[in-house]
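Please look over the chain shown below before reading on. The text afterwards goes from the overall make-up to single residues.

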Amino acid sequence: MGSSSKEVTASDGDTASGGASPSNDGRLFTEGERVLAYHGPRVYGAKVQKVELRKKEWKYFVHYLGWNKNWDEWVSADRLLKHTEENLVKQKALDKKQGVEKGTKSGRSAQTKTRSSADTKAEKDDTKTNAARGKKRKNESGNEKENVSSEKLMKIQIPATLKKQLTDDWENIAQKDKVVKLPRSPNVDEILSKYLEFKTKKDGMITDSVAEILKGIRSYFDKALPVLLLYKKERRQYQEVIVDDISPSTVYGAEHLLRLFVKLPDLLSYVNMEEETWSRMQQTLSDFLKFIQKNQSTFLLSSAYDTDKVSDGKGKGKED
């Protein structure tokens, strides 16, 4: 999701198998077993779908719970942890170390703003329970506004010219072996700031809700980029340019920001919010896309792509 599997191992001297006991044939995990899997500096909920012995080493084909199957991959045992309370604590500690819990104001906001899509979808039962609790609270308080169903998808209309840009973007990366030259100018942060300036001049003032939505876009982008928005060929470039505490939104531009809007409906479907807030957000996101379309000749350039100089030449479908 954010790193090459060759570089993903357990840290601090721990073994990633998390106390697993080998079977008679040496397998540490079995098909259908729910596990925790290292991917980059994070640990995600996953499920073992296949087990094969390759070159005298057991390999495990895992699906990351809640993520697109494009992220499914073969990994070694050193990438996996048993799904135990102890390892779940380790997962939370790593999340906290990565700053997932920064900037939250309350336990409720922390749940909606910092939980990744994988974490949320992997805990569907918990989501249903929380939804039931929300209904109970509504019944107890007659003046509480109705919340949007957690299964409702937000409709974000992407303009036709931007859809074509997404297609061209895919062709440049997947078919022509190119990557976006980084850093981009304007970057995501600058595009969001330009939109804020545009709205201020147009409306005479800017509401707090619009500013909060833009902050949310930036936050979603920074967290989703290494996990959901990169093609396989772009991952090494990401590892080279995003170091220390650099935010992806200060390096990447409109090309990758557009990819986020394809994923946003799914990402937002597990966030409970009032109908009024939901409608306001949908309107703002659609308006923001029109702003990008209006400035497409400035934000999105064909010259932004260059030949991938760090491609390792691996064929499609091979292991990392």
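The following paragraphs take up the whole model, its confidence, its strands, its cores and its salt bridges.

This is a predicted model. The protein has 320 residues, 44% of which count as buried. Its secondary structure consists of 11 helices and seven strands. The accessible surface comes to about 17800 Å², and carbon and sulfur atoms hold 48% of that area. Among contacts with a separation of 6 or more, 70% are between residues 24 or more positions apart.

Confidence varies along the chain. The average pLDDT of the protein is 77, and 71% of the residues score at least 70. Over residues 2-16, however, the pLDDT is below 50, and this stretch has 36 contacts in the model beyond near neighbours in sequence. Residues 100-150 also keep a pLDDT under 50, with 60 contacts beyond four places in sequence.

A good place to begin in detail is the strands. Is strand β3 largely enclosed or exposed? Strand β3, residues 57-64, has eight residues, and because seven of them are buried, the strand is largely enclosed by the rest of the structure. Strand β3 has pairing partners in β2 and β4. With strand β2 (residues 42-54), β3 pairs in the antiparallel sense over eight bridges. E52 is the residue that stands opposite K59 in β3. Two residues lie between the strands in the hairpin of β2 and β3, and in this hairpin K55 takes a positive phi near 50°. With strand β4 (residues 73-76), the pairing of β3 is antiparallel too, over four bridges. There, V62 has E73 of β4 as its bridge partner.

Two residues of this region, K59 and E57, also form a salt bridge, in which the closest N and O atoms are 3.9 Å apart. Which of the partners is buried, and which is partly exposed? K59 has a relative accessible area of 13%, so it is buried, the cut-off being under 20%. E57, at 36% relative accessibility, counts as partly exposed because this value falls between the 20% and 50% limits.

The next topic is the nonpolar interior. In soluble globular proteins, nonpolar side chains tend to be buried together. The largest nonpolar core here has 60 residues, and Y60, L257 and L285 are those with the most contacts inside it. Strands β1, β2 and β3 each give two or more residues to this core, as do helices α5 (160-175), α6, α7 (208-229), α9 (254-268) and α10. Helix α7 gives the most, with 10 residues. What does Y60 touch, once its neighbours within four places in sequence are left aside? The contacts of Y60 include R27, L28 and F29, then V48, K50 and V51, and further along the chain E73, W74, V75, S76, A77 and L80. Another core, of five residues, lies apart from the largest one, and L36, V43, L81 and L94 are among its members.

Charged side chains add a further set of links. The count of salt bridges in the model comes to 13. One of them joins K82 and E33, with the closest N and O atoms 2.5 Å apart. This pair links distant parts of the chain, since K82 is in strand β5 (residues 80-82) and E33 is in the segment before β1 (34-39), 49 residues apart. Both K82 and E33 are buried.

Another salt bridge joins D287 and K199, whose closest N and O atoms are 3.7 Å apart. It too connects distant parts of the chain: D287 belongs to helix α10 (residues 275-294) and K199 to helix α6 (residues 188-203), and the two are 88 residues apart. D287 and K199 are both buried. Elsewhere, salt bridges that share partners join D169, E234 and R259 into one network.

Helix α10 also holds K290. Is K290 buried or exposed? With a relative accessible area of 52%, K290 is exposed, because the cut-off for that class is over 50%. K290 and L162 are 128 residues apart in sequence, while their C-alpha atoms are 9.3 Å apart in space.

Technical notes:
Residues numbered from 1 in each chain as written. Predicted model: local features only at pLDDT ≥ 70, side-chain atom pairs only at ≥ 80, totals over all residues. Heavy atoms only, no water. Salt bridge = Lys/Arg side-chain N within 4 Å of Asp/Glu carboxyl O. Buried < 20%, exposed > 50% of the residue type's maximum accessible area, 1.4 Å probe, protein only. Contact = heavy atoms within 4.5 Å. Areas by Shrake-Rupley, 256 points an atom, 1.4 Å probe, with all protein chains shown as cover. pLDDT = per-residue confidence, 0-100. Pairing = 2+ DSSP bridges. Core = buried A, V, L, I, M, F, W, Y, C linked by side-chain atoms within 4.5 Å.
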